[in-house]
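Got your viewer open? Let's walk through this one stop at a time, selecting as we go.

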Amino acid sequence: MCGILGYVGPRQAAPLILDGLRRLEYRGYDSAGIAVVADSVEDRVIDVRKAKGKIERLAGILDREPLAGTVGIGHTRWATHGVPSDANAHPHTDASGRFVVVHNGIIENFHELKRSLLADGHVFTSETDTEVLAHLVAEEYDGNLVEAVRRAVRHAAGAYALVVMSAAEPERIVAVRKVSPLVVGLGDGETFLASDIPAVLQHTRDFLVIEDGELVVIDAAGATVELIGGGVVHRPVLHVDWDAEQAEKGGFEHFMLKEIYEQPAVVTETVSGRLEASGEVWLEGVGFDDAFAASIEHLWITACGTAYHAGLVGREIFSRLLRIPTSVEFAHEMRYADPLVTAPSLTVAISQSGETADTLAAARLARSRGSRLLALTNVVGSTLSREADDILYTRAGPEISVASTKAYSAMLVAQYLLALRIGRVRGVVDADLSERIGRGLHALPGQVEAVLGDEESVAKAAIQIADAQDVYFIGRGLDYAVAMEGSLKLKEISYLHSEAMPAGELKHGTLALVTKGTPVIVVLTQGAVYDKTMSAVQEVKARGATVLAVGYEDDSSIGSFADDVLRIPRTDDLLSPVTAIVPLQLLAYHVARLRGHDIDQPRNLAKSVTVE
Ligand code: G6P
């Protein structure tokens, strides 16, 4: 996730772009840069300023070395290919410096593209996938920038919002969108491009939302939208009335809801460039060799909070797919428990922030006992990532709501990829299985989108729960893992007492608390234990419980047992946690909203717990 901005008009571009980038900083903040077409010279050239670090560092550079010009593009980065550095910061230019690009997304086949450009004599100055696009546009240019961009992106596979500017045609900017978001802001004699509406909302309230597969050309007079393949598109103008606070949250009432809705994009990004159609997996920061993967005798997962719940799903994935004994430990327990960690083992430390004190301590302990350490984290350059042998980045982008949602989904997806990578080497995941799971992973964004499309049903179900005293979540296997996270979400923000337990455990104690009207939420996606879980549903029904189920849309039995059902699309049972958690996140959100709580900053909790 990165933020991009473009401007053509009468005003000085650099200060205006810098201001817009500050509003996009939530999308990434490890480096930033701006390019403008210099307006002071005859033969127009492009000047670039860029720097590692927060946008304020770039602002300092611009104070000392200002950029003069009224056409420009800018970028704030969340590293995927190449560490945060001055060289890897966007914008990127071709060797001549006459073509400049900023990009949000991932070019999946950039290795092949780079190899062939290198063979043709192109010289690269960064480790990014983006730089190949600047070279490709230059290579394709024969006097028409729009056509050059069209031809260049034909070579590129993956997801991108790409913005291109050239000294050869300095009055306009060309952009294309495939998956990653892009909007055009229409001003009076000036036009903007941005990753989202709030970035330029102080300049205009009229927008064109660019759709997947479209190309847009902006100049001071306005914008023309076309299909990438050719053909004009007539896009109606969207007039936006948001106030400043709504704008910051992208039109959503809370960051949590915004982040829940970002999950389809986050799943796409976390998979992007890592999984071939054949099921082959390429994980850029995971450096262990096949011999090590084959030698692993024990997998340890350590984490806290939501990341721990992602680890519970991970344990099922690794045990089922790899048949390697897998332990998942709360980091705060593991660090003092004298765990039986020995080599050859792999410890996966999961942490959104990469800074949780307990997780760091448990990870260090495991490593000191001979385990190889893999950091599964969302933050590039975090302490955990710096200390680990291998790094698997989720690509959820910055998460602002204390209650974690999109980071959790990304952690799940990353663990499927890791399991495929290890499983292929060990011969336990064959090509067919890998291809099947690969297909399932690629389908997930659309399926999560479908669940989000039915938020209204969840909002209705929330009304039934909002006044409860206690709520119980049950499930088996992966459904139990999801139930744990659903319960945590509910208690974090609604302050309602809730507990999750394996469905079979209910009768050993908690059943005593179930009386008429007690809400019991059951997650029911695992075919292998479906009937068994259903027995537990009968047990609570017999005590008068009100049962809310999360189940597949084609499950025809569930409706006769549950009082209400939140439906999710049918997936491979192994992948269902990614979709099944979504209605539970929305449920927690709506219950908290009905109860009038501060959703993004719940009482007593912190986003990142960096002390013991
Ligand atoms: C805090 C947050 C949780 C998070 C946990 C672990 O308690 O409120 O949402 O799951 O820390 O954080 P980490 O950054 O290590 O994933």
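In which loop is the place of Pro91? Select Pro91 and you'll land in the loop between β4 (71–77) and β5 (92–93). Keep in mind as you look around that this is a predicted model. Now add His90 to the selection: a cis peptide bond joins His90 and Pro91, with omega at about -5°.

**Another loop**

Next, jump to Pro344, which sits in the loop between α11 (331–334) and β18 (345–351). Show Ala343 too, and check the link: Ala343 and Pro344 are joined by a cis peptide bond, and omega is about -5°. While you're there, pick out Asp338, which is also in the loop between α11 and β18. What is phi of Asp338 near? The value is near 50°, which is positive, and this in a residue other than glycine.

**The ligand**

Now select the ligand and show what lies around it. You should find 14 surrounding residues, and the closest are Ser351, Gln352, Ser353, Thr356 and Ala606. By type, the shell splits into five nonpolar, seven polar and two charged residues. Colour helix α10 (residues 305–322) as well: this helix gives the largest share of the shell, three residues.

Time to zoom in on some contacts. Start with Ser353, where an N or O atom of the side chain is 2.6 Å from an oxygen atom of the ligand. Then move to Thr306: here a polar backbone atom is 2.9 Å from a ligand oxygen. Val402 also brings in a polar backbone atom, 3.3 Å from an oxygen atom of the ligand. How much of the ligand does the protein bury? Taken alone, the ligand exposes 390 Å², and the protein buries 89% of that. If you turn on a pocket display, look for the second largest pocket, since that's the space the ligand takes.

**The sheet**

For the last stop, switch to cartoon view and follow the open sheet of eight strands, in the order β3-β2-β4-β1-β10-β9-β11-β15, with antiparallel pairing. Why is one side of β3 (46–52) and of β15 (238–239) left without a neighbour in the sheet? Both stand at the edges, and each has a single partner strand, so there is no neighbour on the other side.

Finish inside the sheet by selecting β9 (residues 183–186) and β10 (residues 191–194), which pair in the antiparallel sense over four bridges. To see a bridge pair, pick Val184 and then Leu193, its bridge partner in β10. As a general point, strands of a sheet pair through backbone hydrogen bonds, either parallel or antiparallel.

Key. Residues numbered from 1 in each chain as written. Predicted model: local features only at pLDDT ≥ 70, side-chain atom pairs only at ≥ 80, totals over all residues. Heavy atoms only, no water. Near = heavy atom within 4 Å. Polar contact = N/O pair within 3.5 Å; in protein donor to acceptor, adjacent residues only side chain to side chain. Areas by Shrake-Rupley, 256 points an atom, 1.4 Å probe, with all protein chains shown as cover. 1 Å grid on protein atoms, 1.4 Å probe; cavity = no way out; pocket = protein on both sides within 12 Å on 5 of 7 lines; lining within 4 Å. Sits in = over half its atoms within 2 Å of the grid points. Helix = DSSP H or I, 4+ residues; strand = E, 2+ residues; numbered from the N terminus. Nonpolar A, V, L, I, M, F, W, Y, C, P; charged D, E, K, R; others polar. Pairing = 2+ DSSP bridges.
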